[in-house]
Each structure stands twice: as C-alpha cells, then as structure tokens.
Amino acid sequence: MLPVSYYVGLSAVLFAIGALGVLIRRNAIIIFMSIELMLNAANLAFVAFARVHEALSGQIFVFFVITVAAAEVAVGLALIVAIFRNKQSIDVDQMSSLKG
Amino acid sequence: MTSTDLLSILPITVLVAWACVLLLVDVFTKKNKWLTPLLAAVGLCAALGISIAQSGNIYAGFKGMVVVDGFTAYLNILFAASGLAGIALAFDYNKRMGLDRGEYYVLLLFSISGMMLMAAATDLIVVFLALELLSIPLYVLAGFARPNPDSEEAALKYFLLGAFAGGFVVYGVALAFGATGSTSLGAILAAVNTGSADLTLLVIGAGLIIVGFGFKVAVVPFQMWTPDVYHGAPSAVTAFMAVGAKAAGFAALLRVFVAALPTLYQEIVPIMWVLAALTMIVGNIVAIAQSNIKRLLAYSSIAHAGYIFMSLVTFGQAEVAPDGVAAALFYLLAYAVTNFGAWGVVIALEKAEGKGLELDDYAGLGRKYPALAAAMAVFMLSFTGVPPTLGFVGKFFLFRTVLEAGFVGLALIGVLTSLISAYYYLRVLVVMYMRDGQPDVSRPVLLRLTTGLTAVGTVVLSIVSVPLFRWASQAVLRLF
C-alpha cells in the first residue's frame, strides 16, 4: 500500500496546478475549473489525513466541500452565461471597463 | 439536538427561515413592492432583539462547533444593524435604478445569516461553510444590476477571486486538520500545547487561511479585486459589502488566531506585521490618485482593513490580546457607522448609468445642500481620524494597543498613513465647499434618515466612547 504522504504530496501538486491555472489562464470557465481543482485537492488531503488520524470527520468534511462547490457552480455558471449573452466572450482580459 | 443547540443558532435560524418565507411572499406581492423590504427589516429587528437578549450569556452548541458568547453577540448586533442600514440605503436606490426586485432583500438576509454563523464558528469547517454562505449571496448581489456590464463584470471578478480565496481557506483547513487531527479550535490549541501537532504543517495551514481571508477583507497584496468590484456593484450593495464582509472576515481571523494558534505567535506575527503595513501604505497612497468617489472609498476601505489588521499582531500576547480584539471590534463599529453614512451621500448624488460619481459632481454641494455636505464632511473627518469623531477614537484605541504590544514601527506607519489619507479625504471637503457647481441630489426620507443618524452617531458615539469600548472589552473576555 502506498504511504499516506504520497497522497498528501499529490494533493499539494494538484492545489498548485489549480492556483497556477487561476493566475495564468484567461478563459473564465477554465479559471473556474482550476478553482474546482483546488477544492478537490483539499478533498484529497482531507481523506488522506482522515486515514492518518483514523478520524471519520475528515471524510465527512469532504461532503461539505462538495456541497459548497456545487452551490458555487450554480452561481458561477449563471454569472458566466449572463456575461456571455452581453459580450459574446468570457475572456477575462476583455473585462476591463472598470479602471482607474 | 438540545435546547442549547437551538439557542446557539437562534438568530441565524430565524433569518434563514424568514428569508425562505420572504421568497414566497415576494412571488405573491407583485404590486406592493414595499412589503418585502419591510418584512426583511422586521426579520432583522427580530434577529437584533434576540442577539441583544443573548448578550451576556454563553451557549455552546453542536458539540462545541458554534458558540454564542459576548464576541458573537456584539458582532451579531453589528451585522443585524448593518442589514437594516443596507435595506434603508437600498430601498429608494433600487427603485431609482430599476433594480426593484424582492430577491435583493432575501439575498441580503441569507448573507447576514452567513456572517452571523462566521461570528459564532468555533470549528474551522463551520468557518468555511459560513464564509461561503455569506459570499455566494454577495456574488449575486454584486451582479444585481444585470444586464449592466459594469455590474456583471464586478460580479464575475468578485466571484472568481472569492472562490479562489475559498480554495485557499479550505486547503488551509485541510492542512490544519492533518497537523492536529481535528478542526475544532479548542482541540487544535490542545494538540499544539501537548506537542502532538505537526507544527510545520500547521503554520503552512495558518498561512493559507491568512491568504484566503486576506482576499475577503481586502488586504494588500490580495486587494486587486476591491476597487473594480466596489465600483461596478450597485452602490447600496457596496455599502453593505464593505462593512459586512469585512467584519465577518475579521471575526473569523480574530477567533481562529486568538483561540487556536496563540502558541505559533512567533512564527506568524511577522507575516501579519508586513501585511498590515503594506495594506495601510498601498491603500492610502493609491487612493490619492482617484477621482471617482466609489473607487476612492474602495481604496479607503482597503486602508481601513490595514488598520484593523494591525490589531491582529497582538494575538499571541496574553496581556495585550484582549485589548487588541476589543480595539478591532470597536474599530469595526466605527467603520460601519461612518461607511454607511458616506455611501448614503454617494447614493444621494448617484444618477443612472454611473453618472454623478466623479469628485467634480460634488462641487457646490456645501452651498446648495448644506446639511448633506456637513454630513459628508463629518464622515470624511471620521475616516481621516480627526476628533471628535468615531474614527478618531477607533484609531486611538487601536494605536494604543499596538504600542502596548511593543510594535512602535507599525503604529508609526499607521499614524503617518493617516496623515497621508487626510489629503484625499479633505480634497472631498475642498471640492464641496470651495468650488462652485450645480449638484443634483435626490433625498428620499429613508436616505436622509440614514445619513442624518449616522452623522449624529459618528459624533455623539465618539463622546460616549468609553462605555462603548468597555462593552467591546467585555464582549471578548470569554475568548481567553
């Protein structure tokens, strides 16, 4: 069986990829997917640590995080659709009408 | 579930249930547009009454995941009052801007219930849930002026950055759980004290939590969304968001670091020192260049986040920390009163399609509308920290505790940046009183009432500030 540290390491890598994706990518949907990757990295870490501590609570938290992520998707996609209707684009670099 | 469990979440339950009822009410009252805001205000008054009745008692519920203590009660009162002010500012503004939809007030109630949960949370997972419960309605509110592109852009920026910040918080919570085997603040403290915790992991987790909440309360270098979101969102939303989201963010930061991590003080305090100093400097200096009043107030809000963040550097010093938290609570109150007043004036001058928001539009206000200009002058002086205003007293208590904790350099930066801030706040006064112009103002009754009450409050409360500060000090006693 793989040691738990591998899982934690993988979750850290996933989190870093997600955070970089948010900073580098310019398409709102892809940025949003990167954020989901960060949340799921946290889920993986939760489950792995729950195994280390033999505490079920860690696995329960994953359900909370999944629920919150679903709520965020509902609002986020609605916003992105509303903007696409207006601008025919969801490139965040084109969202620069607010400046100063 | 016991009765203490119910009592510990009573104001939150009342608000959530009432908001669900209002969703229905709104469907059946298409003609009487005043009913939903009125009922929302009634619900907030009920929550306010419960919170006042609860102050002085302690209810720990759900196996210690939430607690109602003085700290919670103080903040609940602040949140409920902010909600009332938010409704008062929004009522006529929404009609004028064509945003007259009942969901507005429902979302406001949901967001406030999240803030109250944040103040009560004593478990990191509840902190995370509360953070999302308060943020998600705010994302929608920021885009409430849809299909106005500015409002949509503000909502998307707020949403993406807010969700990004949420990712940092939840990963920080996961690491804290990994380091200690629990997410309960008390258990984390116990694990650190008995030496069973992995300190490296815990410090990284705490750092990620600071980053996440740094986004939420707009601390430099995580502030880049603030001016755009404050500018693009409807002004009534911005006024509420500036107070509510900031107070809730600081509530979580104060509770988490004071209750769970005082033993890591030496490792964490340099980060906080740098963040507070950077925020005060950048917020105040960039604000000088602003000519749009909404952006000016946005940078001012960043600067004030820096001042409040200063109180966090005391979190691990057992003798000073209670004063530090009390000073932060008092400053939040001072900021709330001043901020709602200032945004009330902004709303009075704002026209459709983002007109009436430039500083030049304030020219001649002193001659044509002396009362409104005088109120704005009071708010600007309070933001600067000139006596006799709440802003001055708040800064006084804050700087005093920072000096007590031995951070002379930080206090000095605070005083110097306050001096810089005088330049741009006083510029508003100069434009209002020294230049001629024909300002066009709409002043419905509720708006007059809000600006009038907050202006009087800013001055009068500063005179009776000692009992107020004592109230804040008593509120934090049980934290330690």
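This is a short tour of the contact between chain A and chain B, followed by a pair of helices inside chain B, in a predicted model.

**Stop 1: the two chains together**

Colour chain A and chain B separately and show the residues that meet. On the chain B side there are 42 residues in contact, and on the chain A side 44. Together the two chains bury about 3500 Å², and 79% of that area lies on carbon and sulfur atoms. Now select F164(B), Y171(B) and F177(B): these three provide 19% of the area that chain B buries against chain A, more than any other three residues.

**Stop 2: polar and charged pairs across the interface**

Six residue pairs are in polar contact across the interface of chain B and chain A, counting pairs with both residues at pLDDT 80 or more. Next, look at which helices of chain B are involved. α6 (124-142), α7 (149-180), α9 (199-217) and α10 (226-232) each supply at least two residues of the side of chain B that touches chain A. Which helix gives the most to this side? Select α7(B), which contributes 24 residues. By class, the side of chain B that touches chain A consists of 25 nonpolar, nine polar and eight charged residues.

**Stop 3: the salt bridge**

Between chain B and chain A the count is one salt bridge. To find it, select E153(B) and K87(A); the closest N and O atoms of this pair are 4.0 Å apart. The pair runs between chains, from helix α7 of chain B, which holds E153(B), to helix α3 (residues 57-87) of chain A, which holds K87(A). Over all chains, the structure holds 10 salt bridges.

**Stop 4: two helices within chain B**

Hide chain A and select residues 70-96 and 321-349 of chain B, which are helices α4 and α14. How are the two helices arranged? Their axes are 11 Å apart and the packing angle is about 5°. Angles under 35 degrees count as roughly parallel, so α4(B) and α14(B) are roughly parallel to each other.

Show side chains where the helices meet. From α4(B), the residues include F71(B), Y74(B), L75(B), L78(B), Y93(B) and R96(B). Facing them from α14(B) are residues including V325(B), L329(B), F330(B), F340(B), W343(B) and I347(B). Also in this contact are S82(B) and G86(B) of α4(B), and G344(B) of α14(B). In the contact of α4(B) with α14(B), 16 residues are nonpolar, three are polar and one is charged.

How values were computed: Residues are numbered from 1 along each chain as its sequence is written. Chains are lettered from A and ligands numbered from 1 in the order in which they are written. This is a predicted model: local features need pLDDT of at least 70, side-chain atom pairs count only at pLDDT 80 or more; totals for chains, interfaces and linings use all residues. Side-chain values use heavy atoms; hydrogens and water are left out. Contact means heavy atoms within 4.5 Å. Buried area is the accessible area (1.4 Å probe) that two parts lose on being put together, summed over both. A salt bridge is a side-chain nitrogen of Lys or Arg within 4 Å of a carboxyl oxygen of Asp or Glu. A polar contact is a pair of N or O atoms within 3.5 Å; within protein, one must be able to donate a hydrogen and the other to accept it, and residues adjacent in sequence count only if both atoms are side-chain atoms. Helices (H or I, at least four residues) and strands (E, at least two) are DSSP runs, numbered from the N terminus. Ala, Val, Leu, Ile, Met, Phe, Trp, Tyr, Cys and Pro count as nonpolar, Asp, Glu, Lys and Arg as charged, and the others, Gly among them, as polar. Axes are lines fitted to C-alpha atoms, for helices over the stretch in contact, and angles run from 0 to 180 degrees between N-to-C directions. Angles under 35 degrees count as roughly parallel, over 145 as roughly antiparallel, 65 to 115 as roughly perpendicular and the rest as oblique.
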